[in-house]
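Visitor: I would like a walk through this structure, with each label checked against its rule. Shall we begin with the pockets?

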Amino acid sequence: MKKRVTVFIALCLAASLTACGAAPDGQGENNNGEEMTAMSVELKEENFKELGRTYYNEGKIYCALSGTGVEFTFTGTACSVTVTGDDSSANPAAKDIQPRIAIYVNGGRVIDDMIDRREKTYRVFESDTEQNVAVRIIKLSESPHSTFAISDISVTGRDVAPTADKEPFIEFIGDSITCGYGVDDEVAEHSFSTATEDVTKAYAYKTAELLDADYSMVSFSGYGIISGYTGDGNKIPSQTVPQYYAKLGYSWTGGGFAPSEISWDFGRRQPDIIVINLGTNDDSYCKNIEERCLEYQREYVNFLKTVREHNPNALIIGALGIMGQNLCPYAEAAIAQYSGETGDKNVSYLTLDEQRPEDGFAANWHPTETTHEKAAGRLAEKIREALAE
């Protein structure tokens, strides 16, 4: 749905005052003919299940990284969601970097939109009869280009609550492949746009779905372990994932919030499994030059140590290969070197199949959804085997 939706002030039952924080604004009736009062749900952590690394501050829920958002349930007849964009949303010339949002109701996507104004309100559910409703709000696009905040969630109903946690909880650390770069544009010669980026069609999200697992993404297009993507062979150390791993994320767009200035609280729910898929962009710098490849291996080992420090009990899986396999031997060697140096045996490696012409190519020669589905199948199988051990 690529259009503005009329503002709808939704509601909570007066009996749900513990979950609601606004004054009455309207009325309705439930299935028993009881009067309902219009109130907004208070945007605090106990009312929602967190999707990825979200940030609660000053009555808003900030979303930066791919896949971030919230999920909740309620019983009632209506729901609306208001979001606030950053400077990109207020700039018509920035249409290729504005944030993309999806909202699901009972598993179906009812909103798919670019946040192209500073504030937008979506009427996501309405029914003549009281229903049990599950709502999921997801940021489909990545963080460097744009962010948004959920500034109001309102329901006509009662019993607002977070959905139940799923097991296992998987963290994916990666680059454009993890973000779902260009997956909605299967023309290889086309360039980047957040409008064609959809994390839910990428291998990481799909792996979580196959395993009925919870997820978190820490991924940035063009980023690597020692260098970002380079077209001239010069190293770009400013575009590396490890420097932002302990942060909420990174974004260069102003007018919203600065996720790179917010430290991530690793004391929150910790992942059971961590998948690291980094090396595709490093390869543009390494170019099979042994000294550079060994630098990649060395820094991969150091990054593994950082990840382990923050996540002492997680199974760590290194995975690489979808967009090229030059660095796969060095990634595998890094896993072995790290394990040998530290005695940590809770690590493993998986070479993913390289994308094939018969499966097509998305924008800038990125994987299509078909390729992502195949990779998700391989990775899910690897995780199942690890969990069975």
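Guide: Gladly. The lining of the second largest pocket divides into seven nonpolar, four polar and ten charged residues. The model is predicted, so local features need pLDDT of at least 70 and side-chain atom pairs count only at pLDDT 80 or more, while totals for chains, interfaces and linings use all residues. Numbering runs from 1 along each chain as its sequence is written, and side-chain values use heavy atoms, with hydrogens and water left out.

Visitor: What makes a residue of that lining nonpolar, polar or charged?

Guide: Residue type decides. Ala, Val, Leu, Ile, Met, Phe, Trp, Tyr, Cys and Pro count as nonpolar; Asp, Glu, Lys and Arg as charged; the others, Gly among them, as polar. Closest to the centre of the second largest pocket are E50, G52, F169, R268 and R269, out of 21 lining residues. By the rule, E50, R268 and R269 are therefore charged, F169 is nonpolar and G52 is polar.

Visitor: Why is this called a pocket and not a cavity?

Guide: Both are sets of points on a 1 Å grid over the protein atoms alone. In a cavity a 1.4 Å probe fits but cannot get out; a pocket is an open set with protein on both sides within 12 Å along at least five of seven lines. Lining residues have an atom within 4 Å of a point. The second largest pocket has a volume of about 340 Å³, meaning the space filled by probe spheres set on points joined across faces, edges and corners.

Visitor: Which strands supply at least two residues each to this lining?

Guide: They are β4 (49-51), β12 (169-174) and β13 (214-219). Strands here are DSSP runs of E with at least two residues, helices are runs of H or I with at least four, and both are numbered from the N terminus.

Visitor: What is the lining of the largest pocket made of?

Guide: Ten nonpolar, eleven polar and two charged residues. The space is about 460 Å³. Among the 23 lining residues, S176, G222, Y229, N281 and H366 lie nearest the centre.

Visitor: How do you know that β12 and β14 pair?

Guide: Two strands pair if DSSP finds at least two bridges between them. β12 and β14 have four, in the parallel sense, so the rule is met. One bridge joins E171 to I274 in β14. β14 also pairs with β15 (residues 315-320), again parallel and over four bridges. There, I276 stands opposite G318.

Visitor: What makes both faces of β14 covered?

Guide: In β14 (residues 273-276), I273 and V275 on one side and I274 and I276 on the other are all buried. Buried means under 20% relative accessible area, exposed over 50%, partly exposed in between (1.4 Å probe, protein chains only). In a regular strand the side chains alternate between the two faces of the sheet.

Visitor: Why is the set around I276 called a nonpolar core?

Guide: The rule asks for buried Ala, Val, Leu, Ile, Met, Phe, Trp, Tyr and Cys residues joined through side-chain atoms within 4.5 Å. The largest such set has 43 residues; I173, I276, Y296 and Y300 have the most contacts inside it. Its largest share, seven residues, comes from α4.

Visitor: What makes α2 mostly covered?

Guide: Six of the eight residues in α2 (203-210) are buried: Y203, A204, Y205, K206, T207 and A208. Their packing partners include β12 and β13, where contact means heavy atoms within 4.5 Å.
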